[in-house]
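Reader: I keep meeting labels in structure descriptions and I'd like to see where they come from. Could you take me through a few?

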Amino acid sequence: MTETQAAQREASRAPLWRRSTLLRHACFAVPGLLGFWLLSIALDPFANLQLAQIAYTAIAVAGLTVLSGLSGQISLGHGAFVAVGAYTAALLLENAEWSLAPVLVVVTAGTALAGTLVGVAAARLRGPYLAGATLALAVGLPSLADYHGLRDLLGGANGLIVSPPVPPLSLGETFPLERWQSWICGICLVVALFLLANLSRSRLGRDMRLVREDEDAAALSGVHVARTQILAFCVSAGCAGLAGGLFAIVSNLAAPGAFTLALSLSLLTAAVLGGLGSLAGAVYGAVI
């Protein structure tokens, strides 16, 4: 028996939860939801509001971890994608009067599409040139809200007011709004981490790591380098957009002053503090 056959035989004897990446990550996601729920009901309204802020920040940092940690691309402009998500959510909730769940799905998909467009340009840039381009995005995009042609739509410097999501009547008339907001953000966080964890263990995740280590070697191995980098931007931007949508429903506001360069730098700082490439580190960095 060859070593490969022996390894395959040994792997077939392992428990199902160890052989299945999807099931293994589900075994972490379910206790994570339960732990978040227990923590939220033990906290007062203000602490629940902080918990919601940590959750949506962790989503944005997790997306940046995929981009910088897995794919090796440095972005200083993720605050711009958070702004896109927040404004999109505000417009859909207040003007179109959509319900919350479809809004979050559309916000994530729409911002991912915007990230794909940015990723097409970013795939041609390296090092400080990529950082400079994304830095310009972070500085320039939020200021469009005060452009005279968009001022009426986006609210100018004052931004858009977002009505808070009303807790279901089944939870009781006195159910705290802050706890409901933290539940929404917590569910989105666990789902996002579950999907990103499976992505990192998929073929695309392995391709991203190959591109990060050596683009020439990855190309010789059959990896489409530009497409992999664009997909990394797409996933990362989608996470930032989801975080922006949650920001809008928690803070009840989408205004350019909330999406300054400091936000982009703080997201990158959180990713570095938690450890680039670590999804659990994204949560630690968000807490810090």
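Reader: Why is Glu-213 called exposed?

Author: This is a predicted model, and in it Glu-213 has a relative accessible area of 58%. The label needs a value over 50%, so Glu-213 counts as exposed.

Reader: Then why is Arg-212 called partly exposed?

Author: Its relative accessible area is 34%. Buried would need under 20% and exposed over 50%. The 34% falls in between, so Arg-212 gets the middle label.

Reader: What makes the contact of Glu-213 with Arg-212 a salt bridge?

Author: Look at the closest N and O atoms of the pair: they are 2.9 Å apart. The cut-off is within 4 Å, for a side-chain nitrogen of Lys or Arg and a carboxyl oxygen of Asp or Glu. The pair meets it, so the name fits. As background, side chains of opposite charge can pair when their charged atoms come close. By this rule, the count for the model comes to 1 salt bridge.

Reader: What makes the phi of Asn-252 worth a remark?

Author: It's near 60°, a positive value, and the residue is not a glycine. Most residues other than glycine have a negative phi. You'll find Asn-252 in the loop between α12 (225–251) and β2 (253–254).

Reader: And why is Asn-252 called partly exposed?

Author: Its relative accessible area is 23%. Buried means under 20%, so Asn-252 misses that label and lands in the partly exposed range.

Reader: On to the pockets. How do you know which residue class leads in the lining of the largest pocket?

Author: Sort the lining by class and you get 20 nonpolar, 6 polar and 2 charged residues. That pocket holds about 700 Å³ of space, and 28 residues line it, with Phe-28, Leu-193, Leu-279, Ala-280 and Val-283 nearest its centre. Elements giving two or more residues to this lining are α3 (21–42), α4 (45–70), α9 (177–200) and α14 (279–287).

Reader: What is the class make-up of the lining in the second largest pocket?

Author: There, 16 residues are nonpolar, 2 are polar and none is charged. The volume is about 380 Å³. Of its 18 lining residues, Thr-108, Val-191, Ala-192, Leu-195 and Leu-242 are the closest to the centre.

Reader: Which element gives the most to that second lining?

Author: That's α9, with 10 residues. Two or more residues also come from each of α6 (100–122) and α12.

Technical notes
Residues are numbered from 1 along each chain as its sequence is written. This is a predicted model: local features need pLDDT of at least 70, side-chain atom pairs count only at pLDDT 80 or more; totals for chains, interfaces and linings use all residues. Side-chain values use heavy atoms; hydrogens and water are left out. Helices (H or I, at least four residues) and strands (E, at least two) are DSSP runs, numbered from the N terminus. Buried means under 20% relative accessible area, exposed over 50%, partly exposed in between (1.4 Å probe, protein chains only). On a 1 Å grid over the protein atoms alone, a cavity is a set of points where a 1.4 Å probe fits but cannot get out, and a pocket is an open set with protein on both sides within 12 Å along at least five of seven lines; lining residues have an atom within 4 Å of a point. Grid points are joined across faces, edges and corners, and a volume is the space filled by probe spheres set on the points. Ala, Val, Leu, Ile, Met, Phe, Trp, Tyr, Cys and Pro count as nonpolar, Asp, Glu, Lys and Arg as charged, and the others, Gly among them, as polar.
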